[in-house]
Amino acid sequence: MKLFYSTRKLVSWRQSESGSVGFVPTMGALHDGHLALMRESMQNNDFTIVSIFVNPKQFNRQEDFDNYPNTLKTDLKKLQEIGVSAVFVPTMEEVYPTEDTYKTAKPGAFAIGFEGDFRPGHFEGVVNVVDRLFYWTNPNQVYFGQKDLQQCLVISDLIKEKYKDIRFNWIPTERESDGLAMSSRNKRLSENGKHIGQQIYANLFKCAEQEGVKAALDNCRNSIVSSGIDVEYLDIIHWNDMPVEPKTGRAIVFAGYLEGVRLIDNIIL
Ligand code: AMP
C-alpha cells in the first residue's frame with residue numbers, strides 16, 4: 001500500500017499508473033461503512049485510492065471540528081488489511097496552500113435546504129475539498145455513502161458540471177445490528193446513547209412503511225424526541241435528474257443531536 005502525504009508525489013504516482021482508478025474520500029476514523037465503499041471500488045477498479053483529511057472548511061462549528069475523532073494509526077492498519085492501493089493523507093498546507101491559486105467549483109442547487117440550512121458553508125467546504133481531491137487523484141469512478149444523501153446529490157451535480165468522465169457511485173448505508181447508521185461521530189456516544197440512537201432508524205423505517213405521509217412524519221418526530229433526541233429536521237427530500245438510479249426520488253431525511261453529537265440518517269422511499 002502506497003502512503004502519500006504530498007500532493008506532488010500522489011499526482012506523479014497516479015500519472016504513472018494506467019489502469020482504472022476508484023477513489024474514496026474520507027475524514028478517517030474508519031468504520032465498516034467506509035470499508036464497504038472501498039470494497040466496492042476494489043471490485044470494480046484496478047487501483048483504489050483512499051484519502052483521509054479532516055477538512056476544516058466543511059465544519060460550521062469549531063467544537064465539532066476540534067472533537068472529530070482521529071484514529072490514523074488504526075485507519076492505516078485497516079486499509080492495509082483490506083488491500084487498497086494508495087492512501088493520501090495530506091497536511092492542511094498541501095490542500096490549502098498559503099498561495100492558493102486553485103479555482104474551486106461552487107455547490108449547485110442541491111446544497112440548498114436541510115444540511116445546507118443547518119450547517120451554513122458546509123457544502124461550499126465539501127465541494128472545495130472534493131474538487132481538489134478529484135483533480136489530484138483523477139479517478140475513473142468515485143464512491144460515496146448514501147448516509148450523506150444530500151452530499152451525494154451535491155457531488156453528483158459537481159461531476160455533471162466539471163468531471164463528466166467520472167462515474168459516480170453511491171453505496172447503501174451500513175448499520176449496526178440495531179439499525180444505528182455507522183458514523184465516525186458514534187465514537188463519542190455513551191453505551192446508553194448508542195442504545196437510544198437505534199430509535200432513529202426504527203422510526204424512519206416505520207414512517208417509510210407509510211410512505212412518509214404527514215401524520216407518519218409527525219409520529220416519527222414525536223417518538224424520536226421522546227427517546228431523548230433533539231430533532232433538527234425530519235422531512236421529505238425530493239430530487240430529480242440524478243445521474244444514478246433512482247433518477248427521480250424521495251427520501252425521508254433526519255438530523256438531530258444526541259448527547260451533544262450530531263447524527264444524520266435517511267431512508268429512500
Ligand atoms: P466521512 O469520513 O464521514 O466524510 O465519510 C466518508 C464517506 O463514507 C462518505 O461518502 C460517507 O457518506 C460514507 N459513509 C459514512 N458513513 C457511512 C455508512 N454508515 N455507510 C456507508 N457509507 C458511509
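# A tour of the predicted model

Begin by selecting glutamate 174, which at 33% relative accessibility counts as partly exposed. You will find glutamate 174 in the loop between strand 6, residues 167-171, and helix 9, residues 191-209. Now add Asp32, Glu176 and Asp178 to the selection, since together with Glu174 these residues form a negative surface patch. Keep in mind throughout that what you have open is a predicted model.

**The whole chain**

Next, select the whole protein chain and colour by secondary structure, which should bring out 10 helices and 9 strands. If you turn the chain along its principal axes, the C-alpha atoms fill a box of roughly 55 × 40 × 35 Å. The radius of gyration is 18 Å, and this agrees with the value near 18 Å that a compact globule would have with 269 residues. Of these 269 residues, 54% are buried.

**Salt bridges between distant parts**

Across the model the count of salt bridges comes to 14, and three of them make useful stops. Select aspartate 64 and arginine 119, whose side chains meet in a salt bridge at 3.9 Å, N to O. Aspartate 64 belongs to helix 3, residues 62-66, while arginine 119 sits in the loop between helix 6 (115-118) and helix 7 (122-137), so that this pair, 55 residues apart, links distant parts of the chain. Are the two residues buried or exposed? Both aspartate 64 and arginine 119 are buried.

Move on to glutamate 115 and arginine 262, where the side chains meet in a salt bridge with an N to O distance of 2.8 Å. Because glutamate 115 lies in helix 6 and arginine 262 in strand 9, residues 261-268, the pair ties together parts that are 147 residues apart in sequence. Here too you are looking at buried residues, for both glutamate 115 and arginine 262 are classed in that way.

**A salt bridge within one helix**

Now select lysine 214 and aspartate 218, whose side chains form a salt bridge at 2.9 Å, N to O. Both residues belong to helix 10, residues 214-226, and because they are 4 residues apart there, about one helical turn separates them. Lysine 214 is exposed, with a relative accessible area of 61%, whereas aspartate 218, at 28% relative accessibility, counts as partly exposed.

Before leaving the salt bridges, select Asp64, Arg119, Arg185 and Arg188 together, as salt bridges that share partners join these residues into one network.

**Two residues with positive phi**

Most residues other than glycine have a negative phi. With that in mind, select phenylalanine 114, a residue other than glycine whose phi is positive, near 50°. Phenylalanine 114 is found in the loop between helix 5, residues 92-95, and helix 6. Then go to asparagine 138, which also is not a glycine and has a positive phi of about 45°. Where does asparagine 138 lie? Its place is in the loop between helix 7 and strand 5, residues 141-145, and at 47% relative accessibility asparagine 138 counts as partly exposed.

**A last distance**

Finish with glutamate 232, which you will find in strand 7, residues 230-239, and which counts as partly exposed at 21% relative accessibility. If you draw a distance from its C-alpha atom to that of proline 97, the two are 35 Å apart in space and 135 residues apart in sequence.

Terms used:
Residues are numbered from 1 along each chain as its sequence is written. This is a predicted model: local features need pLDDT of at least 70, side-chain atom pairs count only at pLDDT 80 or more; totals for chains, interfaces and linings use all residues. Side-chain values use heavy atoms; hydrogens and water are left out. Patches are made of residues with over 30% relative accessible area and no salt bridge: like charges are joined within 9 Å, nonpolar side chains (Val, Leu, Ile, Met, Phe, Trp, Tyr) within 5 Å. Accessible areas come from the Shrake-Rupley method with a 1.4 Å probe; for residues, only the protein chains shown count as cover. A salt bridge is a side-chain nitrogen of Lys or Arg within 4 Å of a carboxyl oxygen of Asp or Glu. Lys and Arg count as positive and Asp and Glu as negative; His and the chain ends are not counted. The place of a charge is taken as NZ of Lys, CZ of Arg, CG of Asp or CD of Glu. Buried means under 20% relative accessible area, exposed over 50%, partly exposed in between (1.4 Å probe, protein chains only). The radius of gyration is taken over C-alpha atoms; the globule rule is 2.2 Å times the number of residues to the power 0.38.
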